[in-house]
Every structure is written in C-alpha cells, then in structure tokens.
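User: I'd like to talk through how this chain packs, one contact at a time. Can you take my questions in turn?

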Amino acid sequence: MTILRRLFQKRDTTESDMKYLIVGLGNPGPEYRNNRHNVGFMAVDELAAQKGKTFNSSRLGHTCTLKHKGRTVLLLKPATYMNLSGKAVRYHLIQNTIPIQRLLVITDDIALPFGKIRIRPKGSHGGHNGLRNIEETLGTNIYPRLRFGVGGDFPKGAQADYVLTNFPDTEMRELNAAYLPKIAEAGLAFTTMSIDRTMSAYNG
C-alpha cells in the first residue's frame, strides 16, 4: 500500500494530533501578485498575517505553521506554478502525515460571480489547471476545496488573459476589506467544524 493511499484511509484519532494543510493556489513572483488567479495565495497570506506568522521557503513552496484551537495548521503556497500544484500538495501531505480529508485547497473560480464563496468536499476540476493537476497527482478528486468567485466577464477564448490580469482597484479594496478576511475565517472554521457545517456557514 502506498504512503498516499494510507493517508486516504487514515482516520482522526485524538484531537491532539489533528494537523491540517491549507493550500492557496497561485503563481510565484511579484508580477502575479494581484492576479485573479492568485487569490489563493492572497487568502493564505491573510490567514498568516492574522496569526502574526510569516512564510518561509520550503520544499516545492513556501510554508508557515500556526495553531488554532488545539489544531496544527500548515499553510502552503506552492512554488511549482499553478499547472504543477499537485506536486507540492502531495509532498506536504505525505511529509506531514496529513490525511486527505484535512486538506483544504483555496482557489479562484471564473464560474462564480465576484465575491461568492463555494466550499465543497469534492468535485471536478472544472477546467482549472491547478485543481486538474492536484486531481491527477493525488489520483482522486475527493478532497475539500474552497473556490472564490472572480467573475467571468471576458470574451470567448480569453480566459487565460482574464485570470492572469490584476483585480481592478475597486475589487482589490473589497478583497482586502471583506472577502480575504472571510476566506481566512472559513479556512480556520474548516479545522474545527465538519465540512457540512463549514459549507452551511460560509457558502453563498
């Protein structure tokens, strides 16, 4: 039995050993910092800042570890670029012996209107290359994810250009003032509530 398969089958024992992995998807580098595609990076940055933590360089990405209500939460920003996100996710799941039900992937979604949060325990990649690669690398689409709507107001065939452009100033102000704190709050709630309760509290 592979290490990854054992992680799929691992069940929670005591609260004292509960470790979680929250992954924000994005592309590394200052030129991508405010892109719509990088809202996952922005969300975990917000979460780390709320806890007074900073990211350090790690294998295949940047990580920081925080504590929340007895849980150990590892935050990850893959350095592999969006299309190869699965490699970093797989490594840190195995390295930290975290079962897949305690993985949360935060990403952008053009199928949702700006500001909409959608949490699901599983699902298709929906054409998102980061989610596609995670699914291919882990060999399953059954893992929790939080998708944040970035809207889809672009001409046919211009999806790549749209997600790789910056949020407009008005949306950036809303992100910083309201939405990123809400995503961070939802991420922490995921570590202390069932996925169903988290969905009920934050979807919509």
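User: Let's start with the crossing of H3 and H4. Is H3 parallel, perpendicular or oblique to H4?
Analyst: Keep in mind that this is a predicted model. Helix H3 (residues 85-95) and helix H4 (residues 129-138) have axes 7 Å apart, and the packing angle is about 50 degrees. Roughly parallel needs an angle under 35 degrees and roughly perpendicular needs 65 to 115. That angle therefore makes H3, relative to H4, oblique.

User: Which residues of H4 does H3 touch there, and how many residues of the contact are polar?
Analyst: H3 brings in Ser 85, Gly 86, Lys 87, Val 89, Arg 90 and Leu 93, and on the H4 side they meet Gly 130, Asn 133, Ile 134, Thr 137 and Leu 138. Sorted by class, the contact of H3 with H4 has 4 nonpolar and 2 charged residues, and the polar ones number 5.

User: And what is the handedness of that crossing, left or right?
Analyst: Back to the pair with the angle of about 50 degrees between H3 and H4. As H3 passes H4, the crossing is right-handed.

User: On to H6 and H7. Are they roughly parallel or roughly antiparallel?
Analyst: Helix H6 (residues 169-190) packs on helix H7 (residues 195-202) with the axes 9 Å apart and an angle of about 160 degrees. Anything over 145 degrees counts as roughly antiparallel. So H6, set against H7, is roughly antiparallel.

User: Which residues of H7 take part, and how many residues in that contact are nonpolar?
Analyst: From H6 come Lys 182, Glu 185, Ala 186, Ala 189 and Phe 190, and their partners in H7 are Ile 195, Thr 198 and Tyr 202. In the contact of H6 with H7, 1 residue is polar and 2 are charged, while the nonpolar count is 5.

User: H6 also meets H2, right? How are H2 and H6 oriented to each other?
Analyst: The axes of helix H2 (residues 39-50) and H6 come within 9 Å, crossing at roughly 75 degrees. The window for roughly perpendicular is 65 to 115 degrees. H2 and H6 are therefore roughly perpendicular.

User: What does that contact look like by class, and how many of its residues are charged?
Analyst: H2 supplies Val 39, Met 42, Ala 43, Glu 46, Leu 47 and Gln 50, and H6 supplies Leu 175, Leu 180, Pro 181, Ile 183, Ala 184 and Leu 188. Of the residues in the contact of H2 with H6, 10 are nonpolar and 1 is polar, with the charged count at 1.

User: Sticking with H2, is Asp 45 buried, partly exposed or exposed?
Analyst: Asp 45 sits in helix H2, and beyond four places in sequence it touches Phe 55 and Lys 77. Its relative accessibility is 32%. Buried would need under 20% and exposed over 50%, so Asp 45 is partly exposed.

User: Now the rings. How is the pair of Tyr 20 and Phe 190 arranged?
Analyst: The structure holds 7 aromatic pairs. In this one, the ring centres of Tyr 20 and Phe 190 are 5.9 Å apart and the planes make 80 degrees. Planes over 60 degrees apart fall in one class, and for Tyr 20 with Phe 190 that class is edge-to-face.

User: How many residues apart are those two in the chain?
Analyst: Tyr 20 and Phe 190 are both buried. Tyr 20 belongs to strand S1 (residues 19-24) and Phe 190 to helix H6, so to speak distant parts of the chain, and the separation is 170 residues.

User: Which residues make up the aromatic cluster?
Analyst: There is one made of four members by name. They are Phe 114, Phe 148, Phe 167 and Tyr 179.

User: Last one, on backbone oddities. Where does Tyr 81 lie?
Analyst: Leu 60, in the loop between strand S2 (56-58) and strand S3 (61-68), has a positive phi of about 65 degrees without being a glycine. Tyr 81 is also a non-glycine with a positive phi, near 70 degrees. At 41% relative accessibility it counts as partly exposed. Its place is the loop between strand S4 (71-78) and H3.

How values were computed
Residues numbered from 1 in each chain as written. Predicted model: local features only at pLDDT ≥ 70, side-chain atom pairs only at ≥ 80, totals over all residues. Heavy atoms only, no water. Axes fitted to C-alpha atoms, helices over the stretch in contact; angles between N-to-C directions. Helix = DSSP H or I, 4+ residues; strand = E, 2+ residues; numbered from the N terminus. Contact = heavy atoms within 4.5 Å. Nonpolar A, V, L, I, M, F, W, Y, C, P; charged D, E, K, R; others polar. Left-handed = near helix turned anticlockwise from the far one by under 90°. Phe/Tyr/Trp six-rings, centres within 6.5 Å; stacked < 30°, edge-to-face > 60°. Buried < 20%, exposed > 50% of the residue type's maximum accessible area, 1.4 Å probe, protein only.
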